[in-house]
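User: Can you walk me through this one? I'd like the overall layout, then the helices and the core.

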Amino acid sequence: MKNNSGIKIFGIKDRKVLLSTLWIFVTLNYLYCDVLSLMDPDLLKQFLTGTVGSMHMTQGVLFGAAILMEIPISLVLLSRILKYKANRWANMVAGTIMTVVQLSSLFTGAPSLYYNFFSIIEITCTIFIFIVALKWSKNEEQFS
């Protein structure tokens, strides 16, 4: 691993590819955590009633969740196609939003062991995304 002046990070020379790959990684973690939640008998019963904890699963709540999940999904693509300045800012903003959301979810209800495990990975990854984008300099050589 070299710093941003050395270009190469974890064997990935192109910052766009690295960021896109990190968004794929974190998205898969979000999704598999959600899949495991469907296997949790206590949560499954709540899902079937339409109320999880004290939250009613309305169309508005589900739409909000869809918008939230579209952030990391869209960053997989946007990290590869946006130009430097917009790309850097999009990754820093999205990384911050997803970190704050995931951190705050840990203080809602009583998260399970698997949820805490995935949350640590997701929070670490989105903080790393923010740092990678923050340290990205315009004169960094691109190999794309």
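Analyst: What follows goes from the whole chain to single residues. This is a predicted model, in which local features need pLDDT of at least 70 and side-chain atom pairs count only at pLDDT 80 or more, while totals for chains, interfaces and linings use all residues. Residues are numbered from 1 along each chain as its sequence is written, and side-chain values use heavy atoms, with hydrogens and water left out.

User: OK. How many helices and strands does the chain have?
Analyst: The chain has five helices and two strands, in the order α-α-β-β-α-α-α along the sequence. Both are DSSP runs numbered from the N terminus: helices are H or I with at least four residues, strands are E with at least two.

User: And how much of the chain is buried?
Analyst: Of its 144 residues, 31% count as buried. Buried means under 20% relative accessible area, exposed means over 50%, and partly exposed is in between, with a 1.4 Å probe and protein chains only.

User: What about the exposed surface, what supplies it?
Analyst: About 8800 Å² is exposed, and carbon and sulfur atoms supply 71% of that. The areas come from the Shrake-Rupley method with a 1.4 Å probe; for residues, only the protein chains shown count as cover.

User: Contacts next. What share join residues at least 24 apart?
Analyst: 71%, among contacts between residues at least 6 apart in sequence. Contact means heavy atoms within 4.5 Å.

User: Switching to α3. What span does it reach?
Analyst: Helix α3 covers residues 59-81, 23 in number, and reaches 32 Å from first C-alpha to last, close to the 33 Å expected. The expected span is 1.5 Å times one less than the number of residues.

User: Where is its kink centred?
Analyst: On L75, with a bend of about 35°. That bend is the angle between axes fitted to the seven residues ending there and the seven starting there.

User: Which α3 residues are buried, and what covers them?
Analyst: M69, P72, L75 and S79 are buried. Their cover includes α1 (15-39) and α4 (84-105). As a rule, an α-helix has 3.6 residues a turn, so residues three or four places apart point the same way.

User: Now the core. Which residues have the most contacts inside the largest one?
Analyst: L22, W23 and I129, in a nonpolar core of 14 residues. α1, α3, α4 and α5 (113-134) each supply at least two of its residues, and α1 gives the most, with six. A nonpolar core here is a set of buried Ala, Val, Leu, Ile, Met, Phe, Trp, Tyr and Cys residues joined through side-chain atoms within 4.5 Å.

User: What is L22 in contact with?
Analyst: C125, F128, I129 and V132, leaving aside neighbours within four places in sequence. There is also a second, separate core of five residues, which includes C33, V52, Y114 and F118.

User: You've named two cysteines. How many disulfides does the structure hold?
Analyst: Zero, a disulfide being a pair of cysteine sulfur atoms within 2.5 Å. C33 is buried because its relative accessible area is 2%, and C125 is buried because its value is 6%.

User: Is Y115 buried, exposed or partly exposed?
Analyst: Y115, in helix α5, counts as partly exposed because its relative accessibility is 21%. Y115 touches C33, Q102, S105 and L106, not counting residues up to four places away. Y115 and C33 are 82 residues apart in sequence and 6.5 Å apart in space, C-alpha to C-alpha.

User: And S37, buried or exposed?
Analyst: S37 lies in α1 and counts as buried, since its relative accessibility is 10%. Leaving aside neighbours within four places in sequence, S37 is in contact with L43, L44, F47 and Y114.

User: Last one, where is K138?
Analyst: K138 is in the segment after α5 and counts as exposed, at 65% relative accessibility. K138 and R88 are 50 residues apart in sequence and 9.5 Å apart in space, C-alpha to C-alpha.
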